[in-house]
Amino acid sequence: MQTEPVDEITPLLHAIRAGDQSAAARLYALLYPEIKRLAHSRLYAVGGVTSLNTTGLVHEGFLRMVERTGMAGESRAQFFAYVGKVLRSVVLDHLRANQAEKRGGDLVQVTLSQAESIAVDGRDNWFLLDSALEQLRALDLGLYELVELRYFAGLTVADIAKLLGVSTRTVDRDWVKAKAWLESLIESTA
């Protein structure tokens, strides 16, 4: 991730929660390039959704964030974890809408190679992954949050370690555990 000073982002997040509507626009302008990079990687992971482009995903995600009661996060890393979650929900909603139009047509296959491939053979379905993530959330909230931070928010191991106040070795160990749980959960639901 780029290294904008946290002191530019954190006050904007606090201002947004305090009701300053212009702070959301300033935050969006400040972080737009990184959010767009993250959105592009989400679309790439889906194998390219032709009717949803990177700019559209960023704008839809931002609209969803603004519609909700304030933007989540106390820090830059927490905010990007939230952004990753919102972008994931936009992509999933878009894929669901496409499936509804096809009346149960073939499910869209995706590649999860950006995060060291969570799925066996590097390919899986976003709907199965979403279901497995919800199961993981119930089993181990910490591992669920790690997947959100690492894969969906695009944070590095060092960023996550700093955010969680643990060593990079702990993050690496938990990442291996999270991937193993997800593979098991996906296999059991597939």
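In the predicted model, the charged end of R150 is placed over the ring of W175, at a distance of 5.6 Å from the centre of that ring.

A second residue of interest is E148, which belongs to helix α6. Although its side chain is that of a glutamate, E148 is buried, since its relative accessible area is 3% and the limit for a buried residue is under 20%. When residues up to four places away in sequence are set aside, the contacts of E148 are with A81, K85, R88 and A153.

Helix α6, spanning residues 141-152, is also among the elements that give two or more residues to the largest nonpolar core. This core comprises 55 residues, and those with the most contacts inside it are L27, L57, F79 and V147. Two or more residues are likewise supplied by α1 (6-17), α2 (21-45), α3 (54-67), α4 (76-101), α5 (126-139), α7 (157-164) and α8 (168-189). The most is given by α4, from which 12 residues enter the core.

Aromatic contacts were examined next. A pair of aromatic rings is described by the distance of the centres and the angle of the planes. Two such pairs are present in the structure. In one of them, Y28 and Y32 are arranged edge-to-face, with 5.4 Å from centre to centre and 75° between the planes. Both residues lie in helix α2, and because Y28 and Y32 are four residues apart there, about one helical turn separates them. The two tyrosines fall into separate accessibility classes: Y28, with a relative accessible area of 16%, is buried because this value is under 20%, whereas Y32, at 23% relative accessibility, counts as partly exposed because its value lies between the limits of 20% and 50%.

The other pair is formed by Y28 and F62, whose ring centres are 3.9 Å apart; the planes stand at 35°, so this pair is classed as tilted. Here the partners come from distant parts of the chain, with Y28 in helix α2 and F62 in helix α3, 34 residues apart. F62 has a relative accessible area of 15% and is therefore buried. Taken together, the ring pairs link Y28, Y32 and F62 into a cluster, in which Y28 takes part in the edge-to-face pair with Y32 and in the tilted pair with F62.

Technical notes: Residues numbered from 1 in each chain as written. Predicted model: local features only at pLDDT ≥ 70, side-chain atom pairs only at ≥ 80, totals over all residues. Heavy atoms only, no water. Core = buried A, V, L, I, M, F, W, Y, C linked by side-chain atoms within 4.5 Å. Buried < 20%, exposed > 50% of the residue type's maximum accessible area, 1.4 Å probe, protein only. Contact = heavy atoms within 4.5 Å. Phe/Tyr/Trp six-rings, centres within 6.5 Å; stacked < 30°, edge-to-face > 60°. Lys NZ or Arg CZ within 6 Å of the ring centre and 35° of its normal.
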